[in-house]
Amino acid sequence: MKLFGGYATSSKTFGFARLDAEQLNVINKELYEWAKFFKATTWEEIKMLAQNNEYIAGTVLRLKKLSDDEKIRMQCEARQDYERTIASYRADGIRVGREEGKAEQLLRLICKKLVKGKSLEEIADDLEEDVDTIKPMYDVAVKFSPDYDVDKIFEEYKNEMNS
């Protein structure tokens, strides 16, 4: 099997190829041209690269045709909008999840203090939180005395906050 003017030997499990320095320079130059193409930010840069490389020129023609085609352009823009929307929803979901996690942990600590018979002010002091911050959670939690099932309390707390 011949490879870029060099030679190669192969079997079913092993292959060996020899490339000389000139062949490596050709490959490196081609890779460098493609790297410049992908890094280009203006049509002028892309056109200059296309003048020296028939494969890049073909790619440029195809990209130009695709960008000129209104329907395809609109589909691409719609896809980009969709991806941005999904990313935004994902970020919002992560933010909400973290907030709920913090609130649930605070509620869990409040319940532990309630089991010990502590008052609202003592709990706020122990947790180093303002009374106004923990009062809504405290008010929901005391309704579930003496069980203090954190999951049920947290669901009730979220329902009250959303209504």
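Which residues form a negative surface patch? In this predicted model, the patch is made up of Glu-121, Glu-122, Asp-125, Glu-128, Glu-129, Asp-130 and Asp-132. Here is a friendly tour of that patch, followed by a look at some backbone features in the loops on either side of helix 6.

**The negative patch**
- Helix 5, spanning 120-127, supplies the largest share of the patch, with 3 residues.
- Glu-128 belongs to the patch too, and its place is in the loop between helix 5 and helix 6.
- Glu-129 is another member of the patch, and it also sits in the loop between helix 5 and helix 6.
- With a relative accessible area of 72%, Glu-128 counts as exposed because that value is over 50%.
- Glu-129 has a relative accessible area of 32%, so it is classed as partly exposed, between the 20% and 50% limits.

**Positive phi angles**
- Glu-128 is worth a second look for its backbone: its phi is near 55°, a positive value in a residue other than glycine.
- Tyr-148 is not a glycine either, yet it has a positive phi of about 55°.
- You will find Tyr-148 in the loop between helix 6 and helix 7.
- Tyr-148 counts as buried because its relative accessibility of 13% is under 20%.

**A cis peptide bond**
- Ser-145 and Pro-146 are joined by a cis peptide bond, with omega at about 0°.
- Pro-146 lies in the loop that runs between helix 6 (131-142) and helix 7 (150-162), and the place of Tyr-148 is in the loop between helix 6 and helix 7 as well.

How values were computed:
Residues numbered from 1 in each chain as written. Predicted model: local features only at pLDDT ≥ 70, side-chain atom pairs only at ≥ 80, totals over all residues. Heavy atoms only, no water. Helix = DSSP H or I, 4+ residues; strand = E, 2+ residues; numbered from the N terminus. Buried < 20%, exposed > 50% of the residue type's maximum accessible area, 1.4 Å probe, protein only. Patch = residues over 30% accessible without salt bridge, like charges linked within 9 Å, V, L, I, M, F, W, Y side chains within 5 Å. Areas by Shrake-Rupley, 256 points an atom, 1.4 Å probe, with all protein chains shown as cover. Salt bridge = Lys/Arg side-chain N within 4 Å of Asp/Glu carboxyl O. Lys, Arg positive; Asp, Glu negative; His and termini not counted. Charge placed at Lys NZ, Arg CZ, Asp CG, Glu CD.
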